[in-house]
Amino acid sequence: MTIAIRNSDPRHEGVKAFLARPRLQHLIGGRWYDASDGATMPATDPASGRLLANLAQGTAEDADRAVAAARCAFESDAWRGMTPSARGKLLWRIGEAIDRQADELAELETLDQGKSLKTARFGEIPAAAEQFRYFAGFATKILGTTIPTSISHQPMGKKIFAYTTREPIGVVAAITPWNSPLLMAAMKLAPALATGCTVVLKPAEETSLTALRLGELLIEAGLPAGVVNIVTGPGETVGAALAAHPGIDKIAFTGSTEVGKLIVVAASGNLKKLTLELGGKSPAIVMPDADMELAIPGIARGIFANAGQVCVAGSRVYAHRSICEKLIEGLAREAAKLRLGHGLDPDTDLGPLVNAVQAERVAAFVAEGEQAGADIVVGGKRTGTFFEPTVVTSVRPQMRMMREEIFGPVVAVTPFDELDEAVAFANDSPYGLAASLWTRDLSTAHRLSARIRSGTVWINCHSYFSPELPKGGHKQSGWGYENGAPGLENYLEAKTVCALV
């Protein structure tokens with residue numbers, strides 16, 4: 001496999017100016033700061049290896065200062081006293097600011113993460129803006145309830161008046177992954193701000209550029225100082241400091257199940273509230289009556305999009321034996337026609353994996369599977385950070401590639417004979433993030449969806465998202481839900497007020 005790295009230079013003048021700065025700093029309390037010890041870390045283009053920028057390499061001291069700034073802002077009149085309507089208008093302005101800078105943000109995302117410019121510009125950046133617009137409407141709809149009580153003891157001439165309020169939970173640590181950086185940040189920031197929380201955002205150290213540019217847009221939109229703070233740096237220092245910090249009331253984390261478990265332990269010190277979206281090993285079940293013209297490209301998109309670096313990627317496919325070979329041939333065709341290259345190249349379908357470590361990890365899964373008897377139908381080769389879209393057959397349930405999240409463009413196809421067998425295969429995983437079902441029989445689809453243990457089930461599609469659709473995992477795929485009304489509840493606490501009047 002030969003990859004020609006073409007069209008890799010920044011084109012947008014805003015991107016050129018942003019990357020030309022000597023270093024990119026933390027946002028704390030409305031101002032920009034170097035790391036407390038002056039250390040920096042590189043941001044590199046995963047496709048070419050080229051240095052993009054030097055970022056402040058955060059420390060526990062930086063995290064502590066950011067938490068203090070967030071607490072100060074949470075208690076301030078500028079934020080606590082802002083009316084719900086004004087808060088909603090502010091969120092709407094943030095969404096509009098993202099839209100205005102969509103070309104710049106998309107190019108930054110592509111350079112930093114590797115995804116194709118088409119994916120960034122027409123998928124993820126507009127979706128980030130929509131998060132703010134969607135939750136802007138919720139700011140005026142956070143309501144309490146009056147409660148007619150059954151308390152019998154009331155002094156003469158007095159009555160009980162009781163009601164509930166829903167209040168912001170406090171200071172939130174938002175820890176985001178490297179696969180969809182700006183969108184994942186927006187999914188946490190928008191509902192947190194809608195409720196009146198303040199935030200310390202810790203973006204993935206591999207992909208921090210759009211978070212920092214977003215910080216500038218937040219200031220321009222009029223967000224009060226300290227309401228959102230951004231600290232860049234390694235997870236083992238900044239992330240760990242936030243997870244254990246007694247000044248953090250809530251953690252919203254998206255990432256691996258392994259790290260999620262560490263956060264659970266770290267958060268126990270002050271019993272922080274947690275929302276965790278963790279790993280996945282999503283199955284796709286293809287019934288004999290499936291529309292193959294829909295299923296083949298749909299399943300291919302569900303695993304190969306963003307080079308398989310998607311939490312809900314459909315990496316396990318279970319196809320009825322009568323159509324299994326046709327499906328395998330179709331997926332192989334889809335894989336073979338995808339063009340690998342730099343994300344800024346307009347001819348590119350798939351960019352690289354996020355770094356060499358991830359590419360080595362994906363290659364190791366495939367090599368181990370092949371040694372254990374799996375057959376590679378197409379793909380399976382690595383060049384630098386690029387990995388070919390890969391279709392694998394002859395797998396067994398106990399293989400590591402069938403048990404663990406690969407996070408690369410690798411799909412394993414297994415035949416089944418009976419529906420119960422397919423359900424057992426699909427549920428035979430410690431994860432339960434998402435699944436898809438492919439059939440023309442919607443009665444079968446709806447009955448089957450009830451038997452699949454996952455937070456999302458798609459019917460005749462895969463990886464469809466929108467701010468109004470709740471998103472979360474069952475089993476070891478996480479705690480809680482993002483998006484929709486449940487996403488707002490993550491950042492609220494209830495209070496009961498009982499008065500004698």
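Begin with the whole protein in view: among its contacts between residues at least 6 apart in sequence, 73% join residues at least 24 apart. The model on the screen is a predicted one.

Keep the whole chain selected and display it as a cartoon. The protein contains 17 helices and 26 strands. Next, show the C-alpha trace alone; along its principal axes this trace spans about 80 × 60 × 40 Å. A compact globule of 501 residues would have a radius of gyration near 23 Å, and the protein has 24 Å, which agrees.

Now turn to the surface. The protein exposes about 19,900 Å², and carbon and sulfur atoms supply 54% of that area. Of the 501 residues, 55% count as buried. Select the charged side chains next: 50 are positive and 54 are negative, and the centres of the two sets lie 5 Å apart.

For a closer view, select residues 419-427, which form helix α15. Which residues of this helix are buried? They include Ala422, Val423, Phe425 and Ala426. Rotate the view until the axis of α15 points towards you: the buried residues fall within an arc of 160 degrees, so they line one face of the helix. As a general rule, an α-helix has 3.6 residues a turn, so residues three or four places apart point the same way.

Finally, add the elements against which the buried residues of α15 pack. Select the strands β12 (283-286), β13 (316-320) and β18 (410-416), and then the helix α16 (442-449). With these elements displayed together, the packing partners of the buried residues of α15 can be examined one by one.

Terms used: Residues numbered from 1 in each chain as written. Predicted model: local features only at pLDDT ≥ 70, side-chain atom pairs only at ≥ 80, totals over all residues. Heavy atoms only, no water. Helix = DSSP H or I, 4+ residues; strand = E, 2+ residues; numbered from the N terminus. Rg over C-alpha atoms; globule rule 2.2 N^0.38 Å. Buried < 20%, exposed > 50% of the residue type's maximum accessible area, 1.4 Å probe, protein only. Contact = heavy atoms within 4.5 Å. Areas by Shrake-Rupley, 256 points an atom, 1.4 Å probe, with all protein chains shown as cover. Lys, Arg positive; Asp, Glu negative; His and termini not counted. Charge placed at Lys NZ, Arg CZ, Asp CG, Glu CD. Arc of directions from axis to C-beta.
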